[in-house]
Amino acid sequence: MDFTVALAQIKPKLGCLDDNMALAEAAIEKGIAAGADLVVFPELALTGYFLKDLVPEVALRLDSPQIEKLKKLSERISIAIGFVEVSADFRFFNSAVYLENGEIRHVHRKVYLPTYGLFDEQRYMARGERFRAFDTRFGRIGMLICEDMWHLSAPYILAMDGAMTLLCLSSSPGRGITESEGLGSAAAWQKLTTTTAMFLNCRVFYCNRVGYEDGINFWGGSEAISPSGEMTDRGAILEEDFVLAKVDGGALRRERIFSPMMRDENLAITVKELKRIDREKDC
């Protein structure tokens, strides 16, 4: 089926749940008015990123009033959004929730928490323990949160679980300069999203935030990638934006016929060899 995805490249305020919820609601209404079928937000869109000791103060349960409000809004448009989730045993997760038709369809807890450079997520958050695809009205989808996508096994697992669309929610700071004087982190992400889409014959929707926290900037550049690895839509760099990407439902079928990598992928060999490697490492 054909559908339209909105990438809400917003500028969340650090630790301000009410303000960020208002930003999200405004973007959702904008998506509805524009005829979008799905709106995707950045990683930790409801809280801001460099939370540190603020994590317990902004964490939400899945039955919180904010999530209930988003469930209601999802009766009009499907929503993928990032937040800090608190579990019943008081662990805190960097999570993304997918809501559709008034229900929570899926929650992904970030598995790979970076602890290098300016990142220190694992000090404040618990790690997720699984990657699962899930069914939506747009077909089978998989969600990743920022660093997850830099581990090849993560999108591969989702593709093997039937995902034809990958949503990546991100809070990527601007770092490095390329030879052409572009932003290094932007160039790296653009290579990653296109390569992932091409090798897995899947759509990729990448939503990255903008703004500053503690003197560190987030570069935006949200983008839609077709199953052939072609960038079809891209957001502004370093500025708020609202990207509308129209999805040609037939493009995925055509690409999988023309370049049938997923058809020919041998999961049994992959599993067998990984088990062998694991055994040999224990020797």
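Contact here means heavy atoms within 4.5 Å. In this predicted model, glycine 31 offers a simple place to apply that term: leaving out residues up to four places away in sequence, glycine 31 touches Ala36, Ile77 and Phe242. Glycine 31 lies in helix α1, which spans residues 17–33. With a relative accessibility of 0%, against a limit of under 20% for buried residues, glycine 31 counts as buried. Its C-alpha atom is separated by 25 Å from that of arginine 109, a residue 78 places away along the chain.

From this single residue, the description can turn to the nonpolar interior. In soluble globular proteins, nonpolar side chains tend to be buried together. The largest nonpolar core of the model has 45 residues, and those with the most contacts inside it are Val5, Val40, Tyr98, Met143, Leu167, Trp189 and Phe205. Helix α5, residues 184–200, gives the most to this core, contributing five residues. A second core, separate from the largest one, has 39 residues, among them Phe50, Leu60, Val84 and Leu113. For methionine 143, setting aside neighbours within four places in sequence, the contacts are Ala80, Ala96, Val97, Tyr98, His106, His108, Phe134, Leu158, Leu167 and Leu169.

Two of these contacts, Leu167 and Leu169, lead to strand β8. All six of the six residues of β8 are buried, so the strand is largely enclosed by the rest of the structure. Thr165, Leu167 and Leu169 point one way from β8, while Leu166, Cys168 and Ser170 point the other way. Strand β8 pairs with β7 in the parallel sense over five bridges, and leucine 169 of β8 is the bridge partner of isoleucine 145. Between these strands the chain crosses from β7 through α4 to β8, and this β-α-β crossover is right-handed. Strand β8 also pairs in the parallel sense with β9, residues 203–208, over six bridges. In that pairing, leucine 167 has phenylalanine 205 of β9 as its bridge partner.

The helix of the crossover has a buried set of its own. In α4, residues 153–160, the buried residues are Ala154, Pro155, Tyr156, Leu158 and Ala159. The elements covering them include the strands β7 and β8 and the helices α5, α7 and α8. Just after α4, glycine 162 takes a positive phi of about 100°.

A charged residue also deserves a look. Glutamate 223 is found in strand β12, residues 223–225, and at 1% relative accessibility it counts as buried. The side chain of glutamate 223 makes a polar contact of 2.9 Å with the side chain of arginine 234. Beyond residues up to four places away in sequence, glutamate 223 touches Leu7, Trp189, Gln190, Thr193, Val204, Phe205, Tyr206, Met231, Asp233 and Arg234. Trp189 and Phe205 in this list are also among the residues with the most contacts inside the largest core.

Aromatic side chains come next. A search of the whole structure finds 11 aromatic pairs. In one of them, the rings of tyrosine 49 and phenylalanine 119 have centres 6.4 Å apart and planes at 90°, so the pair is edge-to-face. This pair links distant parts of the chain, 70 residues apart: tyrosine 49 lies in the loop between β2 and α2, and phenylalanine 119 in the loop between β5 and β6. Tyrosine 49 counts as buried at 7% relative accessibility, and phenylalanine 119 counts as buried at 8%. In another pair, the ring centres of phenylalanine 50 and phenylalanine 218 are 6.0 Å apart with planes at 40°, so this pair is tilted. Here the partners are 168 residues apart, with phenylalanine 50 in the loop between β2 and α2 and phenylalanine 218 in strand β11. Both phenylalanine 50 and phenylalanine 218 are buried. Ring pairs link Tyr49, Phe50, Tyr116, Phe119 and Phe218 into a cluster.

The loop between β5 and β6 also holds threonine 115. At 49% relative accessibility, threonine 115 counts as partly exposed. Apart from residues up to four places away in sequence, threonine 115 touches Asp120 and Gln122. Threonine 115 and proline 56 are 59 residues apart in sequence, and their C-alpha atoms are 19 Å apart in space.

Notes
Residues are numbered from 1 along each chain as its sequence is written. This is a predicted model: local features need pLDDT of at least 70, side-chain atom pairs count only at pLDDT 80 or more; totals for chains, interfaces and linings use all residues. Side-chain values use heavy atoms; hydrogens and water are left out. A nonpolar core is a set of buried Ala, Val, Leu, Ile, Met, Phe, Trp, Tyr and Cys residues joined through side-chain atoms within 4.5 Å. Buried means under 20% relative accessible area, exposed over 50%, partly exposed in between (1.4 Å probe, protein chains only). Helices (H or I, at least four residues) and strands (E, at least two) are DSSP runs, numbered from the N terminus. A polar contact is a pair of N or O atoms within 3.5 Å; within protein, one must be able to donate a hydrogen and the other to accept it, and residues adjacent in sequence count only if both atoms are side-chain atoms. Two strands pair if DSSP finds at least two bridges between them. A crossover is right-handed if, with the strands pointing away from the viewer, the path from the first strand over the helix to the second runs clockwise. Rings of Phe, Tyr and Trp (its six-membered ring) pair if their centres lie within 6.5 Å; planes under 30 degrees apart count as stacked, over 60 as edge-to-face and the rest as tilted.
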